[in-house]
Amino acid sequence: MSQKTIVLGVTGCIAAYKSCALVREFQRAGHRVKVIMTEHATHFVDPVTFRALTHEKVAIDLFDDPADPIHHISLAQEADIFLIAPCTANMMAKVAHGIADDLLSTAALATTAPLVIAPAMNVHMYEAAATQENMKTLRSRGVKFIEPDAGYLACGDVGKGRLSEPTDIANAVIALFDEKKDLVGKKFLITAGPTRERIDPVRYITNDSSGKMGFALAEAARDRGAEVTLVSGPVSLENPAGVNVIKIESARDLLEACKKPFEACDAAIFAAAVADKRPARMADAKLKKGQDDDLLGHIELIDNPDVLATLAANKGDRVVVGFAAETNDVLANARRKLEKKGADFIVANEVGHGKAFGTADNEVWFVSENGEEHEPAASKRQISDAILDQIVKRFR
Ligand code: PMT
């Protein structure tokens with residue numbers, strides 16, 4: 001990989017000493033590091049240490065380089081990645097609100113490079129509503145976070161707030177340089193999460209889908225340059241930044257919401273766990289025990305539309321991917337779904353007994369007319385990239 005420049009912002013926190021090891025990690029990987037320290041950070045580590053490590057001037061004050069009158073802009077422009085590690089609650093708040101009152105916050109506002117933040121602070125400061133809101137705002141603007149670790153904190157408290165280890169921070173940042181951009185110009189439709197099929201205003205039929213698989217797919221496609229529409233059932237995940245998210249409830253809503261984005265897309269991935277049936281009627285008022293026992297005990301179910309099969313019937317040149325969630329005979333059932341649904345390939349996963357639904361990892365098989373390919377257990381993000389690799393092979 002060619003040498004990249006990492007502008008490393010160091011803020012006033014006991015974990016500032018770990019930034020010295022972080023500099024070394026980047027250098028070992030062949031990258032150049034330029035350090036900006038806040039004035040508070042200099043109370044924890046002497047700038048001379050960073051100067052000796054980086055063989056570069058260490059920038060602290062907006063006006064400390066007479067040879068470069070617009071110091072903050074040149075630093076901002078030099079960055080291939082702008083990393084703040086450790087980042088205090090105060091610096092995070094400034095970046096979230098566009099406050100530029102020192103060199104680091106000004107350069108962070110001025111940079112167009114990807115911004116990565118590795119927070120470090122007391123657990124209560126980390127959990128404070130203001131800090132969490134600021135993180136949410138920054139995430140929604142595409143800022144990447146390297147979450148702090150939990151453990152014993154310098155102040156004596158125990159909890160989340162320890163700066164992540166320098167090797168982990170360096171690996172996460174270096175992985176960003178490796179990110180493929182092979183989906184630029186491509187439009188993706190991705191479905192995620194469960195559907196809810198109403199029995200009455202307070203009861204419904206649903207399933208255990210958390211939406212994690214579909215959301216991971218949306219984030220992976222976005223990061224590889226695609227324009228992504230994510231149609232999701234009710235989940236408690238945060239909307240991924242830079243993705244067009246449409247929230248739905250029922251299978252019929254899902255079909256309606258998918259029609260337009262499907263027409264416009266180059267590829268569609270159906271990861272939603274859609275209810276095959278719904279109650280024939282939804283009661284207007286809550287069904288009551290004792291009074292509506294007959295209705296509650298005999299809920300008539302009728303077929304829902306098959307969203308994937310309906311849309312794939314007019315797939316044209318699009319690459320269409322279905323999932324198969326199976327508790328048994330995974331490959332045989334997936335093959336039946338491949339034939340029935342009209343997808344280019346099926347991502348088969350075993351579900352139930354703690355598998356796939358709600359988990360961070362997944363293990364899948366790609367089932368197509370060419371045979372079966374096993375993808376060993378990995379994070380849903382890694383599985384997503386493997387699915388996208390399969391799709392890229394099918395783009396003409
Ligand atoms: O959300 P997570 O907690 O991360 O869990 C992930 C997952 C297990 C939900 C996911 O990996 C998965 O398997 N999704 C598909 C679940 C499912 O509904 O499988 P199925 O075998 O019942 O359906 C086959 C395919 O047809 C799926 O692509 C499904 O989206 C689609 N379908 C099904 C029924 C229907 N009425 N319309 C559909 O479009």
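**Exercise 1. Find which element gives the most residues to the shell around the ligand, and how many.**

Solution. β16 gives the most to this shell, with four residues, where a residue belongs if one of its heavy atoms lies within 4 Å of the ligand, and where strands (E, at least two residues) and helices (H or I, at least four) are DSSP runs numbered from the N terminus. This is a predicted model, in which local features need pLDDT of at least 70 and side-chain atom pairs count only at pLDDT 80 or more, while totals for chains, interfaces and linings use all residues. Residues are numbered from 1 along each chain as its sequence is written, and side-chain values use heavy atoms, with hydrogens and water left out. Of the 29 residues around the ligand, S209, S210, K337, N349 and G358 come nearest.

**Exercise 2. Work out which polar contacts hold oxygen atoms of the ligand at K337, K380 and M213.**

Solution. A polar contact here is a pair of N or O atoms within 3.5 Å. Taking the side chains to begin with, a polar atom of K337 lies 2.5 Å from a ligand oxygen, and an N or O atom of K380 lies 2.7 Å from a ligand oxygen. Turning to the backbone, an N or O atom of M213 is 2.8 Å from an oxygen atom of the ligand.

**Exercise 3. Decide whether L75 is buried or exposed.**

Solution. L75 has its place in helix α3, residues 71-78. Its relative accessibility is 5%, and because buried means under 20% and exposed over 50%, with partly exposed in between (1.4 Å probe, protein chains only), L75 counts as buried.

Definitions and conventions:
A polar contact is a pair of N or O atoms within 3.5 Å; within protein, one must be able to donate a hydrogen and the other to accept it, and residues adjacent in sequence count only if both atoms are side-chain atoms.
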